[in-house]
Amino acid sequence: MILDKVNSPEDLKRLSLEELLLLAEEIRSEIIRVTAQNGGHLASSLGAVELVLALHRVFDSPRDRILFDVGHQAYAHKLVTGRKDRFHTLRKEGGISGFTKVSESPHDAITAGHASTSLANALGMVLARDLMGEDYHVVAVIGDGALTGGMALAALNKIGELQKRMLIVLNDNEMSISENVGALNKYFKELQIRKWVQDAEKLGKNILERISPQLFGLVDRAKEAAKLLLHQENPFYAWGIRYVGPVDGHDLKGLVHILEHLKALDGPTLLHVVTKKGKGYKVAEADPIYWHGPPGFDPKKPEKVSKGYTWSQAFGDAVTELAHMEPRLFVLTPAMREGSGLVRYSLEHPERYLDVGICEDVAVTTAAGLALRGMKPIVAIYSTFLQRAYDQVIHDVAIENLPVVFAIDRAGIVGADGATHHGVFDIAYLRTVPNLQIAAPKDALELRAMLKKALEVGGPVAIRYPRDNVERAPEGVWPEIAWGKWEVLKEGTEAYILAFGKTLKYALEAAGDDPRVGVVNARFLKPLDREMLRALSRYKLLTVEDHQRMGGFGSAVLEALNEMGLKPEVQVLGLPDRFFEHGAIPSLHRQAGIDAEGIRKALAAMGVAVVHER
Ligand code: TPP
């Protein structure tokens, strides 16, 4: 194995180009082998193998800084930068991260996970480099999906103005997680067509005509499109950025050659590289959407597996039905159609569905615009990604109390994606916003009730639910819900567990059938059910949530008790003031002490030791 000999990028420089080609195939096998075991970003990483090898061959990491946007396509980078022996621990607790991470390796130039940050980071680095009189290269690798983000586009604008030396490699596979969107993306396709026509012309019209008359017809049409384009200015030139491409991102020798050339240039350059998502693995090439981030699979017989019925699907089914009843309903997603359970909705209501690209801020403010003109928008968004749109929530939605519903998926610990993706801050950052109401359902039926009611109550409403499976609720059933009212699920004589969202099932497990311990489905956080809280203040109270302890549900309960002048004994369970890395969700919950065992321990400390038969 050639990979055995590669312990750092330096070793790549000693290989012949032929050996590099063989290495690319070995790396592909290793990526497939490990993601088959651990799950992970398979298709994106397979598509970037040649690009990664060419970059490490030509540039000198870690002296030169190579930044991977999102950092999910960098498995080959991990394998050639001294992590091949630990690669089998990818995304496992205590193992290496699924993204690039500064604290993991000197070769990881940025810590990533969220999209569109590479260009602004690169800009900061070249400014620092020049101010400190240093001399190294800064290369940012960004996908066509990540380039739909406002941060990336705004950074480009500044990069073009400042004219600092840096290389941007646009890794264009025409896919985000689903098909990429946006005007720039259309333009990239046209650039590819133009290149294709030029190549075809070089090859010679006659040969093509003989090989395939059908293909020739296509070429003619493409030529028409290309002609139109020739009259237009390339937008990167207009921005002051040298544009080179498009080039074949799987032609390793060609890539090495062109990168050597670009390395010598001053000013900002964008190299447009065309790759195939899932390259080299048939199933992933054929269905890059599923194989973007599959769970484990059998590498010899790769098949799609059902993840069971998830909260995301429960949400998707509910809004699909609701939209048939409510003609003003409109659903927006920032590039997360599949993850948010919206495939069915997008097919049944294409005219009231919008994928804005990877720009959560645009999703929220577009929803505000829709609401201002009488529609009832729902922004389907992951808790971690809504962090990107905090100002929009306040400035564009909440101040005017607009009826925008935030369907907050992946709330709480999310598992293998780790620190960048845990949705553990949303309560804290939303709770302080006036007008905004916050709820968490206990099951799929309650989610339906909350969604329907949220469209009626007016004003912004956030409904949070976890990354988990849930029992399917019957179609057509829309129970009424008493808005703002908690629900006692079990009476107690000494203590009550107040559980918000996912931790409710831990609370029920912890309480068991001990008559002393009651359990409340504290499904509304804002407004808080003060009436019930007052009534329960005669008992010991234990709050529990899958969220930071600071600023969360427990804090809300403490503040309400304080305002009401009530002083029961209260304990707050939530995540401690530190970042949790990747790991299995139950294991991370155990460490945080918010699972059934943690709850029992806390109860025991309050003098209510639950005796359990397991
Ligand atoms: N929103 C943010 C801010 N960050 C994210 N990581 C995501 C959403 C989820 N996400 C991860 S990868 C991805 C998305 C939407 C698609 C990225 O597409 P692209 O940059 O083209 O890379 P590819 O996977 O196609 O190689």
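## A salt bridge within helix α2

In this predicted model, the side chains of E25 and R28 form a salt bridge, with an N to O distance of 3.2 Å. Both residues belong to helix α2, which covers residues 17-38. E25 and R28 are three residues apart, or about one turn of the helix. Side chains of opposite charge can pair when their charged atoms come close. The structure holds 44 salt bridges.

## Domains

The domain assignment divides the protein chain into domain 1 (3-291), domain 2 (311-464) and domain 3 (488-605). By these bounds, E25 and R28 fall in domain 1.

The C-alpha centres of domain 2 and domain 3 are 25 Å apart. Contact between these two domains involves 28 residues of domain 2 and 30 residues of domain 3.

## The interface of domain 2 and domain 3

The size of an interface is often given as the accessible area lost when the parts come together. For domain 2 and domain 3 the buried area is about 2,100 Å², and 60% of it is on carbon and sulfur atoms. Three residues, I413, I427 and R431, supply 30% of the area that domain 2 buries against domain 3. No other three residues supply more of that area.

Two salt bridges are found across the interface of domain 2 and domain 3. R431 also takes part in a salt bridge with E559, in which the closest N and O atoms lie 3.0 Å apart. Polar contacts across the interface number 21 residue pairs, counting those with both residues at pLDDT 80 or more.

## The side of domain 2 that touches domain 3

Helices α19 (426-431) and α20 (444-457) and strand β10 (437-439) each supply at least two residues of the side of domain 2 that touches domain 3. The most comes from α19, which gives four residues. By class, this side of domain 2 has 17 nonpolar residues, six charged residues and five polar residues.

## Around the ligand

There are 22 residues around the ligand, and those that come nearest are S44, H72, G113, G145 and E360.

Oxygen atoms of the ligand also lie close to polar atoms of the protein. For D144, a polar side-chain atom is 3.1 Å from an oxygen atom of the ligand. N173 likewise places a polar side-chain atom 2.9 Å from a ligand oxygen atom. At A146 the atom concerned is a polar backbone atom, and an oxygen atom of the ligand is 2.9 Å from this atom.

Terms used
Residues numbered from 1 in each chain as written. Predicted model: local features only at pLDDT ≥ 70, side-chain atom pairs only at ≥ 80, totals over all residues. Heavy atoms only, no water. Domains from an automatic or database assignment. Contact = heavy atoms within 4.5 Å. Buried area = accessible area lost by both parts, 1.4 Å probe. Salt bridge = Lys/Arg side-chain N within 4 Å of Asp/Glu carboxyl O. Polar contact = N/O pair within 3.5 Å; in protein donor to acceptor, adjacent residues only side chain to side chain. Nonpolar A, V, L, I, M, F, W, Y, C, P; charged D, E, K, R; others polar. Near = heavy atom within 4 Å.
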